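Hello,

Here is the structure I promised to pass on to you. Have a look at it first, and then read my notes below at your own pace.

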Amino acid sequence: LWSIPVLYKNKENPFIQEVAFTGRYQGQIFNLNSNDGSAGGWQNRRQRFGGKVKFLNDFEAYIDFNLNFNGANTGRFVQNYEGFGLKWKPADAFNLEAGLLKVPITNEWRTSSKQIITLERSDFINSAISDKLGGILAEGKVSDGFTKDGKLTYGAGIYTATRSEDWAYPTFDGGSVIYAGVGYEFNKNHSLRYDNSFLVGNTDVDTSAAEPYSYTSALSYSGKYLDKKLWLQSDLVMAIGEDSQPDLFGFIFLPSYKLTEKIELVARYQYLVSNKDNGVSLQKRYERRAPELPTSKGNNYHALYGGVNYFIYQDKIKVMGGLEYSHMDLANHGSYDQVTLFGAVRVYF
C-alpha cells in the first residue's frame, strides 16, 4: 500500500530520481476534566496532501496543503499551504533549504508531527515558537578533528515575519526572524545543541506572523541508552517578550522506552514560569476547553504526561494513548487543575 503513492523511483536516472504523492492524517479524541468544568470530543487534528520530486541527485522540491476536514468556514476544501520548498543536499553533512520552513528550536519542534511521540507538543512550543515562516535555512556538520565520532553541528537562517493571506507567497517587506544554532554530536546516540532566534524589524502583532518574543533560545540534549531502547530528551528554554509581552522560562524533559518493536512507553514533564503573573498561557489543545475557565493566562505551569504508542507499521500507521495532568496559578483567579485523556490514530505516506 505504501508503494502506491510513489509514481516513479529510479536512483540510476541522472535527472529525476523520484516522484511521489505525500500525505498524512491524524485524528484524536480527548476527554478533559478540570476544576473549571469538563469537555471532550473528536478532532481531525492534521490532514495534509502534497507531493515531492527528487532530481539531479542532490535536489528535492516539495509542497504540502492543509485540507479542510473540520468544516472550517473557508469555503474551500484545500485550505492553505502547510509548507513548500526546495532543498539542496550535496552531501550528508550539509543541506540548504528555501521555502515555508520551521525555525528549528527545541527537540520537539525539530521533530516532524509524523514522528513526535506525544499527542501534542509542549506548551512552550505552542506559545513561543513561530509556526512555519518563509525563509532560507542552511545546516551542516564537520568533524571535530580530535575524536573518531565527534562532530560540530551548525545552522543559520533568515525568515520573513510578515503576516500574509493563506495563498500568498512569503515576502520580506515586514519584520524578520534570524536563526543561529551550534551543537556537538558526541556520537550517533548523544548530542547537545544551542539554538537561538531573533525577531527584528516590524514586530506589530497584527502584521507579524512571528510570536511576539524578541529573543528565543533552547539548550537541547538527546541521548539513547540501554541498547537504544531508552531515549532521553530535554530542553532548557527561554523567550524574551517584545514590548509588553512577558518573558518565559522553562524546562522540558521527555523520556521514552521501547518496550518491544511495537510498543513504546512515553513520559514528559514540563514547567513554564514568567516574570509576570499572566505571562503563561494554557494549552490551546485542550486545556482552554474547560467551559468555566475564567482566564487562560497565569504563571507557574506544571504538566506531567504519560503515554503508550503502538506501531502497526512503524510511524507510518500507529495508534497513541496518553494521560496528562497540568496545574497553573491563574492570574487573579486562584489555580487551574485538569486531567486529559487522549487517544489518536496517525497515518502518513
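**What I found**

A good place to start is residue Q270, whose side chain makes a polar contact with the side chain of E324, at 3.4 Å. Please keep in mind as you read that this is a predicted model.

**Two buried residues in strands**

Let's stay with Q270 for a moment. You will find Q270 in strand β14, which runs over residues 263-274. Is Q270 buried or exposed? Its relative accessibility is 1%, and anything under 20% is called buried, so Q270 counts as buried. Besides the contact with E324, the Q270 side chain reaches the backbone nitrogen of D123, at 2.8 Å. If you set aside neighbours within four places in sequence, the residues in contact with Q270 include S122, D123 and F124, as well as Y301, H302 and A303. F251, I252 and Q283 also belong to that list.

Now move along to T340, which sits in strand β18 (residues 335-348). T340 is buried because its relative accessible area is 2%. Which side chain does the side chain of T340 meet in a polar contact? The partner is Q338, and the distance is 2.4 Å. Leaving out neighbours within four places in sequence, T340 is in contact with F30, N31 and L32, and also with G322, L323 and E324. You have met E324 before: Q270 is in contact with E324 too.

**The nonpolar core**

Next, try colouring the core. The largest nonpolar core has 44 residues, and the ones that touch the most other members are F124, Y159, V177 and L248. L248 is worth a click. Not counting neighbours within four places in sequence, L248 has contacts with F124, S127, A128 and Y213, among others. Further partners of L248 include V237, M238 and A239, along with L272, V273 and S274. F124 links back to the start of this email, since Q270 is in contact with F124.

**Spaces inside**

How many cavities of 30 Å³ or more does the structure hold? There are three. The largest cavity has a volume of about 100 Å³. It is lined by 13 residues, and those closest to its centre are A128, S130, V177, S197 and T216. Strands β10 (190-200) and β11 (213-225) each give at least two residues to this lining, with β10 providing the largest share, three residues. By class, the lining of the largest cavity has nine nonpolar, three polar and one charged residues. V177, by the way, is also one of the core residues that touch the most other members.

The second largest cavity has a volume of about 90 Å³. Among the residues that line it are N107, E108, T111, R121, W231 and L254. Helix α1 (107-110) and strand β12 (230-241) each supply at least two of its lining residues. Here the classes are four nonpolar, five polar and two charged.

**An open pocket**

Last, there is the second largest pocket, with about 310 Å³ of space. Its lining is made of 14 residues, and W231, K258, E264, F311 and D315 lie nearest its centre. Which classes make up this lining? There are seven charged, four polar and three nonpolar residues. W231 appears here and in the lining of the second largest cavity as well.

Enjoy exploring, and write back with any questions!

Key. Residues are numbered from 1 along each chain as its sequence is written. This is a predicted model: local features need pLDDT of at least 70, side-chain atom pairs count only at pLDDT 80 or more; totals for chains, interfaces and linings use all residues. Side-chain values use heavy atoms; hydrogens and water are left out. A nonpolar core is a set of buried Ala, Val, Leu, Ile, Met, Phe, Trp, Tyr and Cys residues joined through side-chain atoms within 4.5 Å. Buried means under 20% relative accessible area, exposed over 50%, partly exposed in between (1.4 Å probe, protein chains only). Contact means heavy atoms within 4.5 Å. Helices (H or I, at least four residues) and strands (E, at least two) are DSSP runs, numbered from the N terminus. A polar contact is a pair of N or O atoms within 3.5 Å; within protein, one must be able to donate a hydrogen and the other to accept it, and residues adjacent in sequence count only if both atoms are side-chain atoms. On a 1 Å grid over the protein atoms alone, a cavity is a set of points where a 1.4 Å probe fits but cannot get out, and a pocket is an open set with protein on both sides within 12 Å along at least five of seven lines; lining residues have an atom within 4 Å of a point. Grid points are joined across faces, edges and corners, and a volume is the space filled by probe spheres set on the points. Ala, Val, Leu, Ile, Met, Phe, Trp, Tyr, Cys and Pro count as nonpolar, Asp, Glu, Lys and Arg as charged, and the others, Gly among them, as polar.
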